[in-house]
Structures are given as C-alpha cells and as structure tokens.
Amino acid sequence: MACRSRLAPAIRAASAPKLLRPAAATAATTPISNPTPSTGTVRCLSSTPARRIRTTQARRAGPAATKFTTDSYPEIKRDPKFAEITAEDVAYFKELLGGGGSAVLDGVTQELAADDVEPYNGDWMRKYRGHCKLVLKPGSTEEVSKILKYCNDRKLAVVPQGGNTGLVGGSVPVFDEIVVSTSRMNQVRFFDDVSGVLVVDAGVVLEVADQFLAEKGYIFPLDLGAKGSCHVGGNVATNAGGLRLLRYGSLHGSVLGIEAVLPDGTILNDLSRLRKDNTGYDLKQLFIGGEGTIGMITAVSIHCPQRPKAVNVAFLGVDSYDKLLVAFREAKAQLGEILSAFEMMDSPSQELLHAVRPEAKRPLDSGPYPFYCLIETSGSNADHDAEKLGQFLEHVLEKEVVADGVLAQDETQLRALWAQREGIPEVSNHAGGVYKYDVSLPLRDLYRLVDDTRQRLRDAGLAGASIDDESFPVVDVLGYGHMGDSNLHLNVAVRRYDKAVERCLEPFVYEWIAGVQGSISAEHGLGLAKKNYIGYSQTATKIGLMRQLKQLYDPNGIMNPYKYV
Ligand SMILES: O=C(O)CC[C@@H](O)C(=O)O
Ligand SMILES: [Zn+2]
C-alpha cells in the first residue's frame, strides 16, 4: 500500500513506561476494567451493533484499484501569465545544482540525478496529481535563493515540497509548476542543551530531529503519524498540529525563528533563538501555516522541551460521547500537567481498522464500544505518574464514565495502543477513496457533525444501513481525532469517488462548521482541497488582508499558485 511506505511507523517514547501491574501471562496489556460486574466491563451495545467489513474486501492486499481522479479538484485553468519551462531553463538549473535534481522535459528525461519526477507530482492518497516536468533539489539556502530569483524573473511557477505527506494537495503541483524539494537540505545547524533551542534545515525529517534530540534528553514539540517521512520545514509551513498539541502547544508558540527565501531571492534571516522578542511585527508567523505561498522556509529555530522520563498510555472503551466529554474533563482535572494526549475514535473507525488490519489486535476483550479514547501521560516521575493515572482510571471506572480499559506495560504495548489510533488514517481510503475533513469544533458539538453527516448520506440514499452493501458509494463515516485539541477528523470512506457524494458533503459540512463557529481546517491547511471554502472560517476583511500580503511578498504570484490565496 503506497501510503504505508510514505508513513513510516513512529517511534514513541524513548524510555519504556513503568509497569503498573504485573503482566498477566496471556494478556497483551493489563486490563483496568472494574472487576465487579455491576460497573460492567462488557456492555451489550444493541443500539450500536458492531460493523464489519466483509473479509474478502477487507483482506485485499493493497488499496482498491479505483483510479483516483481529479474530480474533486476545484475548476482551475493554467494561468497563462506563467512561462513554460524551456531547455535553457533546465540548463541553467543543471549548472546551478550540479546534479542535484531531476528533470523531464518534453517527455525526455534529462537526468540530473537518479530520481524520477513522478513521486513529486502526486500525494500519498493519490488524490491530487500535477504535471510538473522539473524537480529541483537545492542543497543550500543560497541555491534556493538563486532558483527563486530565476523563476521570479522568468515567471516560472514554483511549489515548495518537503516530505509530501500533506492531506489537502498543498505541496503537489497542479499544472507544470517546478517542484523545489527540501530533501537535500537536511543538516542540524545548532543545538543548545541548556535552552533546548534547535536550529535545523527545512529538509530534516521530523523523526530524525526527534532522535537527535532524544540523545540529548529533549523532545521535538510535535509528533505525528507521518514523522518518518515529513520534513520539519513542511511541518512549519502547514503549521502541523499532531498528537501532542495538548501538551506542547502549537508551532506558532514553539517556533522561535525561521529562515525563508522570498520569491525575488531575498533571504529573510529571522532565525531567532529567543523566546521573547517584542520588536515589531512577528513576520515569521506569516510563514507558519502560510503553505509556501509567500516564500520558502529553508531553516527553522524551535524551542524543544525536556524529554519526559515516564510515558504511560491507556486505551479505554466508552459508552457514549457525553461520557467521553466527562472522561476528558476528569483527565484534565486529575492528571493536570502530565496529560500529553487525549485522542478519540468512534466505533466505525476501530471496526474499519480491524477489518483491514486484523493483525492490529483489539486491545479490549469486551466491547465493541461506540467510542474509544487513548490517554497518554508524560512526566518526570514514573511513580507519581503511575499513581495519578491509576487513580484517574479507578475513578472513571467506578463512576461508570468509562466501561473498560487497558494500560500499556512496556514500549511494545504502548506502540500497539498508539497503532489503534495512528492506523486509522492509513486504512481510511482502503475501499477506494476518502473525503477528509479536518475541523475544529466546540467540544460539545464535535461528534454531532459525524452523526449528522452519516444521517445526511443515508437520507440521500448514498450510504446504506450496512457497510457490506456495495450498492452504495459510501462505506462508512468515521469520526476520530485530537479530542484534547477539539480537533475532529471526519472521514467519509467511499468505494469510489462520486460527484453525488461530494455534492451531498460540500458545502454542507462547511456550513455546519461555520454554524457553530468552528474552523474548516484545524491542522491540515487549505491547500487545493479547501481553496474555495476559506470564507466559511475567515471574514472578508481578513481574506482581503491575506491577499494584500500575498501581493506584497509575491507580486508575480509564482509561489504555490492555484492554492488558497
Ligand atoms: O487522515 C486524517 O484525516 C488525519 C491525519 C492526521 O491528522 C491524524 O491525526 O492522524
Ligand atoms: Zn490529526
């Protein structure tokens, strides 16, 4: 499956979590369910029957053969103001980079390196596909500067690209834009083990940066499923949120400085190492989440916290969304500063995961439950953390907030529990495709969007009551995400992309979100997928100011065109 190789498995905690209870000989994890039947570890979920996907479909070796099309692309035409790439252009870049890129021109591959352009033209979901003929891989900021200046003078459009793990088509070309990849810019430039300030090239892989920090006793303040492939520069350009924003905050807070190249070749050196600096506009913030539309990030300075010494993970089954809300409130109240993740998954998400990947064993003997949550604590005192988490779990089980749960006892179990959550996006398009919505909502409204979307698709005759019914294009509606950050991932898994499904979902989903003052993009960005919908989350005044900023930084519009601004 293509996406698996793009999404290398994450390495979680450096140190194994403390054993909370002796391991039972047969159990993979320690059950923490209340031992008395009155509190009920196994509930009969007659109202929410388990959903299963037929084995024949679920066990297919790879993704469905459905051809991913450009159906969901907004109507866009190539902008004639952009020049076509010529042989002279290629010759210029070839001389500049001395072999550091690959090029295909007029169908003839002109080898500058062994790579092919194809992987740079499509995203890992195989939903977006451009027609770029030229991929450049500069090895330094100066080379990026020369490339952008040349492109600006020649009016050649450019797409900056990191690990290409995005989900909204933001880092792939639409037409023949030149891809400028950060893959050869991968040096750690500076680290201070007193302040925790790390300065890295934009192309450093997130996991590599984190491993570097682990050796020094620090942690990168961002973690996500794609950490084995994504680049730090791309993370910052999309303002990635990830799994521990609850604990470490947003990149808008932890990034201290950036180095970026503006379209005219100017190098903006703002690689501050200071946590406090109130001297005028904070320009770096425009690049964090700017999606490469006003310049290309070439290096990042970031404040990294101490690596936690003890990490514990619990996986719980919950009977209702209201109880999940209570569990979250209690987790915050009782675990306080050691709470580092609170992730939620609904039953369809878990059922799909287990249908597609039966090897990802179910952590709970009981169930299925309508909801599951994964709670992680990260702290500096293993005994203290274990005690806190134990007390919390006893409390929520006793009060019947939570129906059942397990606690990881070692690193292997901890990873296995995280896999229950991290595996969902990777299987979401297994049946053929997926419509993805990454939204911020008030917590109390969060799951209502999933229910309403499912009902709407059923009412429209696009989804059946059973997911085995292949006469409907929709397989199922999945709700999961970073509950701790009020960030829902609504995934509509489909057997095939279908205009009727798309029309049923959009703008319905966006209107629904706007109706509760949510955001249509919590962490994935707007890219190409949501370019026409920014008005559901931003006022006309703000969009107008964004356009003026774009004009100021990029008057020729060469940076990542056709995207949100
Ligand atoms: O694919 C998705 O919808 C979510 C991906 C990612 O943001 C996650 O939280 O796993
Ligand atoms: Zn996410």
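These legends accompany several close-up views of a predicted model.

**View 1. The mixed sheet S3-S2-S4-S6-S5.**
Let's start with an open sheet of five strands, ordered S3-S2-S4-S6-S5, whose pairing is mixed. Its edges are formed by S3 and by strand S5 (158-161), each of which pairs on one side only. From one strand to the next, the twist averages 20 degrees.

**View 2. Strand S2 and its two partners.**
Here we zoom in on strand S2, residues 101-105, which pairs with strand S4 (residues 134-136) in the antiparallel sense over three bridges. S2 also pairs with strand S3 (residues 108-110), in the antiparallel sense and over three bridges. Which residue is the bridge partner of Ala-103 in S3? Look for Gln-110, which takes that place. Towards S4, Ala-103 stands opposite Leu-134. Two further residues to find are Gly-101 and, opposite Gly-101 in S4, Leu-136. A reminder for reading this view: side chains in a regular strand alternate between the two faces of the sheet.

**View 3. Helices H3 and H5 on the mixed sheet.**
This view brings in the helices that touch these strands. Helix H3 lies across S2, S3 and S4, and its direction makes about 170 degrees with S2. Helix H5 packs on the sheet too, touching S4, S5 and strand S6 (178-181). The direction of H5 makes about 165 degrees with that of S6.

**View 4. The contact between H3 and H5.**
The two helices of the previous view also pack against each other: H3 (residues 87-97) and H5 (residues 141-154) have axes 11 Å apart, at an angle of about 165 degrees. Why do H3 and H5 count as roughly antiparallel? The cut-off is an angle over 145 degrees, and the angle here is about 165 degrees, so H3 and H5 are roughly antiparallel to each other. Their crossing is right-handed. On the H3 side, the residues to pick out are Asp-89, Tyr-92, Leu-96 and Leu-97. They meet Glu-143, Lys-146, Tyr-150 and Arg-154 of H5. Sorted by class, this contact of H3 with H5 holds four nonpolar and four charged residues, with no polar ones.

**View 5. The antiparallel sheet S7-S8-S11-S9-S10.**
Now for another open sheet of five strands, in the order S7-S8-S11-S9-S10 and with antiparallel pairing. Strand S7 (188-192) and strand S10 (267-270) are the edge strands, and each pairs on one side only. The twist averages 10 degrees from one strand to the next. At the S7 edge, S7 and strand S8 (residues 197-201) pair in the antiparallel sense over four bridges. Within this pair, Phe-191 is the residue opposite Leu-198 of S8.

**View 6. The annotated span, residues 128-307.**
An unreviewed UniProt entry lists residues 128-307 as "domain: FAD-binding PCMH-type". In the model, this span is 24% helix and 22% strand. The C-alpha atoms at the two ends of the span lie 37 Å apart.

**View 7. The crossing of H12 and H14.**
Helix H12 (residues 347-356) meets helix H14 (residues 411-427) at roughly 75 degrees, and their axes come within 9 Å. Angles of 65 to 115 degrees count as roughly perpendicular, and H12 and H14 are therefore roughly perpendicular to each other. H12 contributes Ser-349, Gln-350, Leu-352, Leu-353 and Val-356 to the contact. From H14 come Gln-420, Gly-423, Ile-424 and Val-427. The residues of this contact divide into five nonpolar and four polar, with no charged ones.

**View 8. Backbone details in three loops.**
Finally, a few spots where the backbone deserves a look. Which residue does a cis peptide bond join to Gly-367? The residue is Pro-368, and omega is about 5 degrees. Pro-368 sits in the loop between H12 and strand S14 (371-379). Another cis peptide bond runs from Glu-506 to Pro-507, with omega near 10 degrees. Pro-507 belongs to the loop between helix H16 (499-505) and helix H17 (508-515). At Asn-239, a residue other than glycine, phi has a positive value near 55 degrees. You will find Asn-239 in the loop that lies between helix H7 (232-238) and helix H8 (245-248).

Methods:
Residues are numbered from 1 along each chain as its sequence is written. Chains are lettered from A and ligands numbered from 1 in the order in which they are written. This is a predicted model: local features need pLDDT of at least 70, side-chain atom pairs count only at pLDDT 80 or more; totals for chains, interfaces and linings use all residues. Axes are lines fitted to C-alpha atoms, for helices over the stretch in contact, and angles run from 0 to 180 degrees between N-to-C directions. Angles under 35 degrees count as roughly parallel, over 145 as roughly antiparallel, 65 to 115 as roughly perpendicular and the rest as oblique. A crossing is left-handed if the near helix is turned anticlockwise from the far one by less than a right angle, and right-handed if clockwise. Two residues are in contact if their C-beta atoms, placed from the backbone, lie within 7 Å. Ala, Val, Leu, Ile, Met, Phe, Trp, Tyr, Cys and Pro count as nonpolar, Asp, Glu, Lys and Arg as charged, and the others, Gly among them, as polar. Two strands pair if DSSP finds at least two bridges between them. UniProt positions are given in the numbering used here, feature names are shortened, and annotations may be inferred rather than shown by experiment.
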